[in-house]
Amino acid sequence: MIFFGQHSIERALKEYVAHYYAERNHQGLDNQLIEPGEEVVCIAGKIEYRERLGGLLKYYYRDAA
């Protein structure tokens, strides 16, 4: 990644922290999310994904049926 100034670095860190706490499984917590969203409990529906940092980070989830 190439950063242009402090604002771009802060934005990238903010996106990464949001992904780390809400969208990334954690091995230390038995592969559970720290702050799971409402879409996590869905067991049926189309699989969607959310991108962060221009597609560098992706989060897959099921769309509500």
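This report walks through the fold, the salt bridges and the aromatic pairs of one predicted chain.

The model is predicted, so local features need pLDDT of at least 70, side-chain atom pairs count only at pLDDT 80 or more, and totals for chains, interfaces and linings use all residues. Residues are numbered from 1 along each chain as its sequence is written, and side-chain values use heavy atoms, with hydrogens and water left out.

## Overall layout

Let us start with the elements. The chain has one helix and two strands, and from the N terminus on they run α-β-β. Here helices (H or I, at least four residues) and strands (E, at least two) are DSSP runs, numbered from the N terminus. Of the 65 residues in the chain, 15% are buried. Buried means under 20% relative accessible area, exposed means over 50%, and partly exposed lies in between (1.4 Å probe, protein chains only). The chain exposes about 5,300 Å², of which carbon and sulfur atoms supply 53%; such areas come from the Shrake-Rupley method with a 1.4 Å probe, and for residues only the protein chains shown count as cover. Contact means heavy atoms within 4.5 Å. Among contacts between residues at least 6 apart in sequence, 22% join residues at least 24 apart.

## The two strands

Strands β1 and β2 run antiparallel and are joined by six bridges, where two strands pair if DSSP finds at least two bridges between them. Arg 52 has Leu 57 in β2 as its bridge partner. Four residues lie between the strands of this hairpin, and Leu 53 takes a positive phi near 55 degrees there. Strand β2 (residues 57–62) has two faces: Leu 57, Tyr 59 and Tyr 61 form the covered one, while Lys 58, Tyr 60 and Arg 62 form the uncovered one.

## Salt bridges

How many salt bridges does the structure hold? There are two, a salt bridge being a side-chain nitrogen of Lys or Arg within 4 Å of a carboxyl oxygen of Asp or Glu. As background, side chains of opposite charge can pair when their charged atoms come close.

Glu 15 pairs with Arg 52, with the closest N and O atoms 2.8 Å apart. This pair links distant parts of the chain, since Glu 15 sits in helix α1 (residues 6–22) and Arg 52 in strand β1 (residues 47–52), 37 residues apart. Arg 52 counts as buried because its relative accessibility is 16%.

The other bridge brings together the side chains of Lys 58 and Glu 51, at 3.9 Å from N to O. Lys 58, at 38% relative accessibility, counts as partly exposed, and so does Glu 51, at 42%.

His 19, in helix α1, touches several of the residues named above. Leaving aside neighbours within four places in sequence, His 19 is in contact with Arg 24, Arg 52, Leu 57 and Lys 58. Is His 19 buried or exposed? His 19 is buried, with a relative accessible area of 7%.

## Aromatic pairs

A pair of aromatic rings is described by the distance of the centres and the angle of the planes. The structure holds three aromatic pairs. Rings of Phe, Tyr and Trp (its six-membered ring) pair if their centres lie within 6.5 Å; planes under 30 degrees apart count as stacked, over 60 as edge-to-face and the rest as tilted. Two of these pairs are set out below.

| Pair | Centre to centre | Angle between planes | Type |
|---|---|---|---|
| Tyr 20 and Tyr 21 | 5.4 Å | 85 degrees | edge-to-face |
| Tyr 49 and Tyr 60 | 5.6 Å | 40 degrees | tilted |

The pair of Tyr 49 and Tyr 60 links distant parts of the chain, with Tyr 49 in strand β1 and Tyr 60 in strand β2, 11 residues apart. Tyr 49 is partly exposed at 45% relative accessibility, whereas Tyr 60 counts as exposed at 51%.

Tyr 20 and Tyr 21 also belong, together with Tyr 16, to one aromatic cluster. Tyr 20 is partly exposed, with a relative accessible area of 29%, and Tyr 21 is partly exposed at 37%.

Tyr 21, placed in helix α1, has further partners along the chain. Which residues does Tyr 21 contact, leaving aside its neighbours within four places in sequence? They are Ile 34 and Glu 35. The C-alpha atoms of Tyr 21 and Ile 34 are separated by 5.6 Å, although the two residues are 13 residues apart along the chain.
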